[in-house]
Each structure stands twice: as structure tokens, then as C-alpha cells.
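Colleague: I would like to go through this model with you, taking the strands, the helices and the charged side chains in turn. Could you start with the term we shall need most often?

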Amino acid sequence: MPELPEVEALKDFLADHLVGREVVRVLPVAISVLKTYDPPVTAFEGREVTAVRRHGKFLDIEADGLHFVTHLARAGWLHWRDTLPDGPPRPGKGPLALRVALETGEGFDLTEAGTQKRLAVYVVRDPAEIPGVARLGPDPLAADFDEARFAQLLAGERRQLKGALRDQSLIAGVGNAYSDEILHAARMSPFKLAASLTAEETTRLYEALRSTLTEAVERSHGLAAGRLKAEKKSGLRVHGRTGERCPVCGDTIREVSFSDSSLQYCPTCQTGGKPLADRRLSRLLK
């Protein structure tokens with residue numbers, strides 16, 4: 001799933017390629033991708049793109065006061081085309097969900113792999129009309145997101161750190177992969193309760209949050225859309241690396257599986273050497 005660093009890079013890429021250009025066609029292939037109908041998606045046609053923004057994991061393309069907003073979800077992606085194929089795309093069993101064409105002949109495709117269709121496209125007059133955007137918490141890379149604000153968010157939060165970091169209404173933009181990376185950098189168990197953090201631990205987690213995301217954004221900056229997935233994977237230290245050696249201490253990276261996801265961690269760096277065999281059997285680590 002694209003998270004804050006990848007969506008930030010896509011935002012910059014699209015700003016370079018879209019701003020000042022006219023959208024001539026918006027062609028839905030999978031109707032299920034459209035989550036709004038008034039104004040219709042065709043209302044975006046004939047407008048000049050004026051800005052591209054990011055709201056958490058949402059991409060927002062503005063054209064003459066109308067907003068084309070997409071959330072790529074778990075299996076969605078954006079593919080830039082220097083030259084779009086001739087003729088309209090055909091609905092079928094392929095991953096193509098929607099195509100946007102520019103007056104220049106360029107454009108982009110939104111695709112979604114797999115059977116869980118969660119890719120979403122909204123055309124709205126104000127992004128705040130979208131429930132997922134309206135409920136977003138603060139952006140962790142915003143200039144005003146300081147340690148005091150972070151501590152205030154975690155105060156009284158009785159959830160585990162892994163779940164708290166992934167909650168978009170608490171902090172916007174962090175998902176499964178970067179929450180693993182942040183907790184590894186902070187040397188904290190994913191199951192530690194957020195409200196139990198000491199002042200020193202809060203500082204450590206805040207610094208890990210900012211540095212992990214900042215470094216990922218810097219690695220992704222300037223990359224073409226098609227290279228972002230590979231860059232994300234290459235930069236991860238623990239997430240998706242079950243069975244490999246921890247790059248910090250050399251211990252074996254372990255995994256805890258859930259019904260529809262998993263987390264990875266280093267026992268030596270994060271849990272005092274204690275492996276977590278299973279979420280249902282393991283006690284919360286302090």
C-alpha cells in the first residue's frame with residue numbers, strides 16, 4: 001500500500017506533469033472505483049490543472065476549483081503514460097480501473113490488482129466532503145507537528161503503538177510498512193501501550209517518526225511513478241523481511257500474522273529478546 005512518502009512523491013511527480021495542462025478525458029473502466037456522482041466525473045474534463053496536493057494517503061488534483069481525489073488503497077497504483085493508447089480502454093478482467101487523458105496525449109492510468117476492490121476516486125468541490133479526508137489527523141511532516149503535539153495525541157491512548165500509528169484519524173499517512181519501520185528505529189515493541197510511554201520514550205518515538213518518514217520522502221524525491229514501489233521496498237529495514245538478519249543487531253527478523261496483514265520486528269532491538277509467537281498467545285510487552 002502506498003503510504004505518505006510514496007504519495008508525497010506521486011504528488012510532486014504529478015505537479016510537474018499536470019499543472020497548467022488541460023484534462024480532456026476521464027474514462028472510468030471499473031465503475032466501482034467512483035465513490036461520488038455529483039458532480040459527475042466528466043465535469044473534470046475541459047479544465048486546466050492548477051495544483052496537486054496530498055492529504056494523508058489521498059492524492060488531490062485540483063482543476064479550476066474542482067478536485068479529483070484518489071486513494072490507492074492496498075493494491076492500487078498510478079501509472080504515467082507519455083503516450084496513451086489510441087481508442088478508449090475496454091472493460092474486462094485486467095487491472096485498469098480509470099484513465100485520465102491530457103490535451104498533450106499524455107495521461108495516467110489508475111490500476112488495482114487482486115480481488116479486493118478498494119481503489120477510490122472522488123470528484124468534489126471541496127476535499128473535506130470526503131469522509132476519509134475529513135477525519136484525518138495531523139500530518140506528521142507538517143512544520144507545526146512538534147513533539148508537544150505528538151505527546152498530546154498519545155496521552156491517554158490505550159491502544160498498542162502499532163495500531164495507534166496506523167490510525168489515520170490520529171496521525172495521517174502512516175500505514176503498515178512505515179509503522180514497522182518507525183517502531184524498529186525507536187527500539188519499541190509494536191504491542192507497547194501508547195499511554196505507557198515515558199517522556200524519554202515519547203521523544204525517541206517522535207524522532208523516529210519524523211526521521212523515518214523524512215528519509216523515505218528524500219529517497220523517493222524525483223523518482224518516476226514507476227520506480228517508487230521498488231524504492232520503497234529497498235529502503236525498508238524490517239517490514240517484509242521476515243527471516244532476514246536485522247541490519248542493526250543481526251538477529252532474525254520475526255513476524256506476527258493477523259487476519260489480513262502482518263507485522264515484522266526485531267526481538268533484540270524491540271522486545272528485549274523475546275519473540276512474539278502469535279498475537280493471540282503473546283502478552284503485551286512493556
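Modeller: A residue counts as buried when its relative accessible area is under 20%, and as exposed when that area is over 50%. Please keep in mind throughout that this is a predicted model.

Colleague: With that cut-off, is lysine 11 buried or exposed?

Modeller: The limit for a buried residue is a relative accessible area under 20%. Lysine 11 has a relative accessibility of 17%, and therefore it counts as buried.

Colleague: Which residue forms a salt bridge with lysine 11?

Modeller: The partner lies, like lysine 11, in helix α1, three residues apart from it and thus about one turn of the helix away. The closest N and O atoms of the pair are 2.9 Å apart, inside the 4 Å that a salt bridge allows. The partner is itself buried, with a relative accessible area of 15%, and it is glutamate 8.

Colleague: Which residues are linked with Glu8 and Lys11 in a network of salt bridges?

Modeller: One bridge in the model joins arginine 54 to aspartate 139, with the closest N and O atoms 2.7 Å apart. That pair links distant parts of the chain, since arginine 54 is in strand β2 and aspartate 139 in the loop between α2 and α3, 85 residues apart. Arginine 54 counts as buried at 16% relative accessibility, and aspartate 139 does so at 19%. The residues linked with Glu8 and Lys11 in the network are Asp12, Arg54 and Asp139.

Colleague: Which residue meets the side chain of lysine 232 in a salt bridge?

Modeller: The N to O distance of this bridge is 3.7 Å. The pair links distant parts of the chain, with lysine 232 in helix α7 and its partner in helix α1, 226 residues apart. Lysine 232 is buried and so is its partner, which is glutamate 6.

Colleague: Turning to the strands, what is the order of the open sheet?

Modeller: Four strands make up this open sheet, and their pairing is antiparallel. The edge strands, each of which pairs on one side only, are β2 (49-55) and β8 (120-124). From one strand to the next the twist averages 15°. The order is β2-β3-β4-β8.

Colleague: In β8, which residue is the bridge partner of phenylalanine 68?

Modeller: Strand β4, residues 66-71, runs antiparallel to β8 and is joined to it by five bridges. Within β8, the partner of phenylalanine 68 is valine 123.

Colleague: At about what angle to β2 does helix α1 run?

Modeller: Helix α1 covers residues 4-18 and lies across β2 and β3. Its angle to β2 is about 175°.

Colleague: Aspartate 60 is buried yet has no salt bridge, so how far away is the nearest side chain of opposite charge?

Modeller: Aspartate 60 has its place in strand β3, where its side chain makes a polar contact of 2.9 Å with that of histidine 67. Among the residues that aspartate 60 touches are Ala51, Arg53, Val69 and Pro127. A salt bridge needs the charged atoms within 4 Å. The nearest side chain of opposite charge is that of arginine 53, at 4.5 Å.

Colleague: Why is helix α5 largely enclosed by the rest of the structure, and how many of its residues are buried?

Modeller: The cover over the buried residues of α5 includes α1, α4, α6, α7, β10 and α8. Those buried residues include Asn176, Tyr178, Asp180, Glu181 and His184. Helix α5 is largely enclosed because, of its eleven residues, the number buried is ten.

Colleague: Which residue stands opposite valine 256 in β10?

Modeller: Strands β9 and β10 form a hairpin with four residues between them, and four bridges join the two strands, which run antiparallel. Serine 257 has serine 262 as its bridge partner in β10. Ser262 and Gln264 point one way from β10, while Leu263 and Tyr265 point the other way, and all are buried. The residue opposite valine 256 is leucine 263.

Colleague: Finally, what is the relative accessible area of lysine 93?

Modeller: Lysine 93 has its place in the loop between β5 and β6. The C-alpha atoms of lysine 93 and alanine 30 are separated by 9.7 Å, although the two are 63 residues apart along the chain. Lysine 93 is exposed, with a relative accessible area of 90%.

Key: Residues numbered from 1 in each chain as written. Predicted model: local features only at pLDDT ≥ 70, side-chain atom pairs only at ≥ 80, totals over all residues. Heavy atoms only, no water. Pairing = 2+ DSSP bridges. Axes fitted to C-alpha atoms, helices over the stretch in contact; angles between N-to-C directions. Contact = heavy atoms within 4.5 Å. Buried < 20%, exposed > 50% of the residue type's maximum accessible area, 1.4 Å probe, protein only. Lys, Arg positive; Asp, Glu negative; His and termini not counted. Polar contact = N/O pair within 3.5 Å; in protein donor to acceptor, adjacent residues only side chain to side chain. Lists of a residue's contacts leave out its neighbours within four places in sequence.
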